[in-house]
Amino acid sequence: MTMAIRRLALTVSRYSGAQRLFRLWSRGPTVLFYHGIEENILDREVQALHLSLRAFERQIAFVRCNREVVSMDYLYECIASGRGLDPRQVILTFDDGYKNNLRVVAPLLNAWKLPFTIFVSSRHISEGCRFPNYYIRAAILYTQSESIHLRSIRQTFPLTTRTKRSAALATIIAAVKKAPQHVVDEVILECREQLSRAQWEDLDADFFSEEPMSWQDVRRVSEMGATIGSHCHDHCILHSNQNEEEVCRQLNQSKSTIEKNVAACRYMAYPNGTVADVSSVGYAAAKSAGFRIAFTSVPGEITRDVDRFFAPRIFATADFEEFCYLLNRTSLQNQVYTMARLQGGASGNQATIEPN
Ligand SMILES: [Zn+2]
């Protein structure tokens with residue numbers, strides 16, 4: 001089915017009320033996750049994690065009309081007490097800690113009196129450095145070299161066309177997502193070497209969307225009502241190739257740094273957050289670090305039997321009809337979540353699955 005036909009089918013099913021049928025099976029709140037929101041997107045591939053302001057406003061207008069946005073603390077109280085969980089409830093979350101969360105998101109959500117949560121990667125906030133994906137995407141798409149050899153992952157990529165550059169990006173990003181943290185750091189260094197300081201300054205200025213907040217910014221957004229949670233210290237993906245010491249450091253250091261600079265840090269979101277990105281060690285470390293809830297990117301609803309340290313979230317996709325469809329059919333995702341929990345438990349990926 002082409003995109004246009006699919007969109008038309010989704011529009012018809014929404015207006016006809018057919019999508020409302022899915023709501024009959026809905027059992028609990030939906031936690032949505034975004035990254036950044038920007039007025040202008042210059043390059044979709046470099047700024048892949050940012051949604052346009054126009055798309056965001058339309059989505060939030062839909063949520064305001066059809067759901068009730070509640071705070072993270074309220075969600076926790078409902079889970080802990082086993083009372084008050086309602087399929088109409090939506091929780092808004094933003095990962096990484098981009099400056100546009102303060103500049104664009106906070107004023108908008110404040111105007112609508114909607115609570116929200118931001119999961120920040122504490123080293124990026126402390127040092128002002130950008131995220132691995134940005135350095136990789138910008139270097140591969142904008143280097144003038146016609147090929148690149150990355151010693152850290154022992155691979156060479158031809159970069160003679162935009163298609164080849166996109167293919168190289170996909171391979172490098174996939175490799176980085178499975179690599180131990182020290183290899184991720186080496187890939188970033190190698191990518192940064194691809195462009196001169198002046199070229200980086202130009203790209204950094206063009207892609208200001210990628211800039212993380214400072215601690216002063218995080219305090220301001222917290223004063224504007226945002227709940228601040230952890231997203232590890234180095235945005236470290238907690239897969240089974242990371243050693244236990246590194247995983248514990250990532251969680252404990254981010255939690256204490258947020259608490260020193262802002263306020264109590266009670267929630268976290270696993271970077272990347274798929275089943276493979278929550279190792280048994282990561283799961284146990286999130287639990288022992290004292291978080292109330294640890295969120296994945298595994299889709300599903302927050303039901304009464306949710307595992308608080310493997311909580312589901314729904315990615316807010318850019319296309320409006322797809323977004324509405326996803327939000328209306330969250331109950332169908334519960335099966336995906338249950339399978340993911342079983343898969344994690346069965347493969348030893350998660351230590352033990354405990355309700356609440
Ligand atoms: Zn992230």
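Two strands are said to pair if DSSP finds at least two bridges between them. In the predicted model described here, strand β6 (residues 117-120) meets this condition with strand β9 (residues 227-230), for four bridges join the two, and they run parallel. Within this pairing, the bridge partner of Ile118 in β9 is Ile228. Strand β9 is covered on both faces: Thr227 and Gly229 lie on one side, Ile228 and Ser230 lie on the other, and all of these residues are buried. Ile118 also has contacts beyond its neighbours within four places in sequence, namely with Phe94, Gly97, Asn101, Val221, Ala226 and Ile228. Ile228 is thus both the bridge partner of Ile118 and one of the residues in contact with Ile118.

The setting of these strands is the protein chain as a whole, which holds 15 helices and 12 strands. The C-alpha atoms of the chain fill a box of roughly 55 × 50 × 40 Å along the principal axes. A compact globule of 356 residues would have a radius of gyration near 21 Å, and the protein chain, with 20 Å, agrees with this value. Of the 356 residues, 43% are buried. Among contacts between residues at least 6 apart in sequence, 74% join residues at least 24 apart.

Strand β1 (residues 30-34) provides a further example of a covered strand. Five of its five residues are buried, so β1 is largely enclosed by the rest of the structure. Thr30, Leu32 and Tyr34 point one way from the strand, whereas Val31 and Phe33 point the other way. Strand β1 pairs with strand β5 (residues 89-96) in the parallel sense, over five bridges, and in this pairing Thr30 stands opposite Val90. Strand β1 is also joined to strand β12 (residues 314-315) by two bridges, again with the strands running parallel. Here Phe33 has Phe315 of β12 as its bridge partner.

Residues of β1 and β6 recur in the description of the nonpolar interior. The largest nonpolar core contains 69 residues, and the members that touch the most other members are Val31, Leu32, Ile118, Ala286, Ala294 and Ala311. A second core, separate from this one, has 22 residues, including Ala139, Val176, Ile188 and Leu203.

The domain assignment divides the protein chain into domain 1, made of residues 26-127 and 226-346, and domain 2, made of residues 132-206. Domain 1 is therefore written as two segments of the chain. The C-alpha centres of the two domains lie 27 Å apart. Where the domains meet, 12 residues of domain 1 are in contact with 11 residues of domain 2. The side of domain 1 that touches domain 2 consists of four nonpolar, five polar and three charged residues.

In contrast to the buried strand residues, His182 is found in helix α9 (residues 181-192). A residue counts as exposed if 12 or fewer other C-beta atoms lie within 10 Å of its own. His182 has 10 other C-beta atoms within 10 Å and is therefore exposed. The C-alpha atom of His182 is separated by 28 Å from that of Ile293, a residue 111 places away along the chain.

Methods: Residues are numbered from 1 along each chain as its sequence is written. This is a predicted model: local features need pLDDT of at least 70, side-chain atom pairs count only at pLDDT 80 or more; totals for chains, interfaces and linings use all residues. A residue is buried if 20 or more other C-beta atoms lie within 10 Å of its own, exposed if 12 or fewer, and partly exposed in between; C-beta atoms are placed from the backbone. A nonpolar core is a set of buried Ala, Val, Leu, Ile, Met, Phe, Trp, Tyr and Cys residues joined through C-beta atoms within 7 Å. Two residues are in contact if their C-beta atoms, placed from the backbone, lie within 7 Å. Ala, Val, Leu, Ile, Met, Phe, Trp, Tyr, Cys and Pro count as nonpolar, Asp, Glu, Lys and Arg as charged, and the others, Gly among them, as polar. The radius of gyration is taken over C-alpha atoms; the globule rule is 2.2 Å times the number of residues to the power 0.38.
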